[in-house]
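Visitor: I would like to understand how labels such as "salt bridge" or "buried" are earned in a model like this one. Could you walk me through the reasoning?

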Amino acid sequence: MAKQSVWRGAGRLLRVLPHLAGGLWVAYAHIPKLTPEARRARVQLWQAQLLEKCGLTLVVRGTPHTGEGSLLVANHISWIDISALHAAVFCRFVSKQEVQKWPVVGRLADTAHTLYLERGSRQAAHRMNAAIAERLQAGDRVAIFPEGTTSDGFDLLPFYPNLFQSAIDANAAVQPVALWFTDAQGNWSTTPGYVGDDSLVASVWRTLCADGLQVHVAFGELQYAQNRNRRDWADAVRDTIIQMRTVSE
């Protein structure tokens, strides 16, 4: 790696670490005192600042739905995806239960009203669908990554359809969201990827060292179940996201 890139990464790291520490302090000392609207705005601002300090430029296409509750369905490439979506529009994420116990990350996730999914249990899946449906009926935006893990960004993994049931039960809309990264030349970039045997530390360091990275968040048109089962609906949303990424390239 070139010396210039190493210095760039080190400089950004020195900006990111205090930002994380400040975010944790705000989460404990200030967030509980804020109104729900002010809390959402504070989380969104903090995530946007995190992207900037990591050297990423956010590019938003389309319009996030701001009416009644909706299920945001996105492809998943990197640890940056959550920050990018939050910077574009506040939403509640569904995450694996273990995240709640992670140092720093768990507290920040709680601040953003994350819903935690217990894996490996049909009863737990039913409870999660009921919890998401309740939040959708209350007018919240809930975001999911139905691939279940990160992919390389060039192709999407099959979508797990289980959580689509919450939108069916709540009679709520799904908004497809396409995510991808480009480099300084405008070419598709895998630098922020976090997939396979890659480590989180390696992914973070590559991202901090990179020059001119952009994270693209594209919001599609709302979709409704229209008597489809959750499997057919999940497949249709996956096809839409693939088409959105193809058009946007």
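Guide: Gladly! Let us start with a definition: a nonpolar patch joins side chains such as Val and Trp within 5 Å, taken from residues with over 30% relative accessible area and no salt bridge. Please keep in mind that this is a predicted model.

Visitor: Which residues make the nonpolar surface patch here?

Guide: W102, V104 and V105 make the patch, with an area of about 240 Å². W102 sits in the loop between strand 3 and helix 4 (105-111).

Visitor: Why is W102 called partly exposed?

Guide: Its relative accessibility is 40%. Partly exposed lies between the buried limit, under 20%, and the exposed limit, over 50%, so W102 at 40% belongs in that class.

Visitor: Now the charged side chains. How many salt bridges are counted?

Guide: The count comes to 5 salt bridges.

Visitor: What makes R15 and E52 a salt bridge?

Guide: The closest N and O atoms of R15 and E52 are 3.0 Å apart. The cut-off is within 4 Å, so the pair qualifies. The bridge links distant parts of the chain, with R15 in helix 1 (residues 3-29) and E52 in helix 2 (residues 36-53), 37 residues apart.

Visitor: Are R15 and E52 buried or partly exposed, and how do you know?

Guide: R15 has a relative accessible area of 36%, and E52 has 41%. Buried needs under 20% and exposed needs over 50%, so R15 is partly exposed and E52 is partly exposed too.

Visitor: What about R92 and D140: why does each count as buried?

Guide: The limit for buried is under 20%. R92 has a relative accessible area of 15% and D140 has 19%, so both values meet that limit.

Visitor: How do you know that R92 and D140 form a salt bridge?

Guide: Their closest N and O atoms are 3.3 Å apart, and the rule asks for a distance within 4 Å. R92 lies in strand 3 (residues 92-96), while D140 lies in the loop between helix 5 (122-137) and strand 5 (141-144), 48 residues apart.

Visitor: Where do R231 and D235 lie?

Guide: Both lie in helix 8 (residues 230-248), 4 residues apart, about one turn of the helix. Their side chains meet in a salt bridge at 3.2 Å, N to O. R231 has a relative accessible area of 35% and D235 has 32%, so both count as partly exposed.

Notes
Residues numbered from 1 in each chain as written. Predicted model: local features only at pLDDT ≥ 70, side-chain atom pairs only at ≥ 80, totals over all residues. Heavy atoms only, no water. Helix = DSSP H or I, 4+ residues; strand = E, 2+ residues; numbered from the N terminus. Buried < 20%, exposed > 50% of the residue type's maximum accessible area, 1.4 Å probe, protein only. Patch = residues over 30% accessible without salt bridge, like charges linked within 9 Å, V, L, I, M, F, W, Y side chains within 5 Å. Areas by Shrake-Rupley, 256 points an atom, 1.4 Å probe, with all protein chains shown as cover.
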